[in-house]
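Student: I should like to learn how to read side-chain features from a structural model. May we work through one together?

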Amino acid sequence: MQKALIFFTLTILIFLNPARAVATFPTTGSCAFLITLPVPYGLVDVTSYAETGYNFMGIMTFNTSTSGTLSGVFENAVYKTNDSPALGPAAYVKDAAISIAPMNDSNGFIGGHKLTVSGTGKIGSVTKQFTFILNAVATNNGNTLMLQTSGSTGPGPGSGVCQF
């Protein structure tokens, strides 16, 4: 009877304390990310340097709980009515500043973070200042960040992960 009671108690404790899906957000270290942006619907002609990209790959480095840096490359797809898609000029970002702020009930959800990325990027021979926001949540014991682009500026809608 005592063994059954101990087994039952341990079983209940295991189910009452499940592994948390949301992990502690990183304050140090680097992760490699890939954010994929959607392909435009229908036949379009995007032939200028205004491409929104196809995917964005790079590295985020976390220095503190509120700051970090981001470096990466956008591979820009050019969508046309024929011979489509083709790769346009890549866009490069080096050591852009990341400002990290926890989300709350009024700007997201508890456990999420907003990463505001600001810096200078280069596409072809054109250099531009930029700012965009990534929504992020840590999971997988802090080894993975789930990412989602946010806001009205930046690379458009997209999602991906960053792996430590």
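Tutor: Let us begin with a term: a residue is called buried when its relative accessible area is under 20%. Please keep in mind that this model is predicted. By that cut-off Phe-56 is buried, and Phe-132 is buried as well.

Student: How many aromatic pairs does a search of the whole structure find?

Tutor: Two rings pair if their centres lie within 6.5 Å, and the angle between their planes then gives the type of pair. Here the search yields six aromatic pairs. In one of them, the ring centres of Phe-56 and Phe-74 are 3.9 Å apart and the planes meet at 5°, so this pair is stacked. The two residues come from distant parts of the chain, with Phe-56 in strand S2 (residues 55–62) and Phe-74 in strand S3 (residues 67–75), 18 residues apart. Phe-56 and Phe-74 are both buried.

Student: What type of pair do the rings of Phe-56 and Phe-132 form?

Tutor: Planes over 60 degrees apart count as edge-to-face. The planes of Phe-56 and Phe-132 stand at 70°, with ring centres 6.1 Å apart, so this pair is edge-to-face. Phe-132 belongs to strand S8 (residues 126–139) and Phe-56 to strand S2, so the pair ties together parts 76 residues apart in sequence.

Student: Which residues form one aromatic cluster?

Tutor: The cluster is made up of Phe-33, Phe-56, Phe-74, Phe-130 and Phe-132.

Student: Let us turn to the cysteines. Which residues does a disulfide join?

Tutor: A disulfide is recognised when two cysteine sulfur atoms lie within 2.5 Å. Cys-31 and Cys-162 are joined in this way, with an S to S distance of 2.0 Å, and the count comes to one disulfide. Cys-31 is in strand S1 (residues 29–36) and Cys-162 in strand S10 (residues 159–163), so the bond ties together parts that are 131 residues apart in sequence. Both Cys-31 and Cys-162 are buried.

Student: Why is the disulfide of Cys-31 and Cys-162 described as right-handed?

Tutor: The torsion about its S-S bond is about 100°, so the disulfide is right-handed.

Student: Strand S10 also holds Val-161. Is Val-161 buried, exposed or partly exposed?

Tutor: Val-161 has a relative accessible area of 37%, which makes this residue partly exposed. Beyond its neighbours within four places in sequence, Val-161 is in contact with several residues, including Phe-33, Leu-34 and Leu-147. The C-alpha atoms of Val-161 and Leu-147 are separated by 5.4 Å, although the two residues are 14 residues apart along the chain.

Notes: Residues are numbered from 1 along each chain as its sequence is written. This is a predicted model: local features need pLDDT of at least 70, side-chain atom pairs count only at pLDDT 80 or more; totals for chains, interfaces and linings use all residues. Side-chain values use heavy atoms; hydrogens and water are left out. Helices (H or I, at least four residues) and strands (E, at least two) are DSSP runs, numbered from the N terminus. Buried means under 20% relative accessible area, exposed over 50%, partly exposed in between (1.4 Å probe, protein chains only). Rings of Phe, Tyr and Trp (its six-membered ring) pair if their centres lie within 6.5 Å; planes under 30 degrees apart count as stacked, over 60 as edge-to-face and the rest as tilted. Contact means heavy atoms within 4.5 Å.
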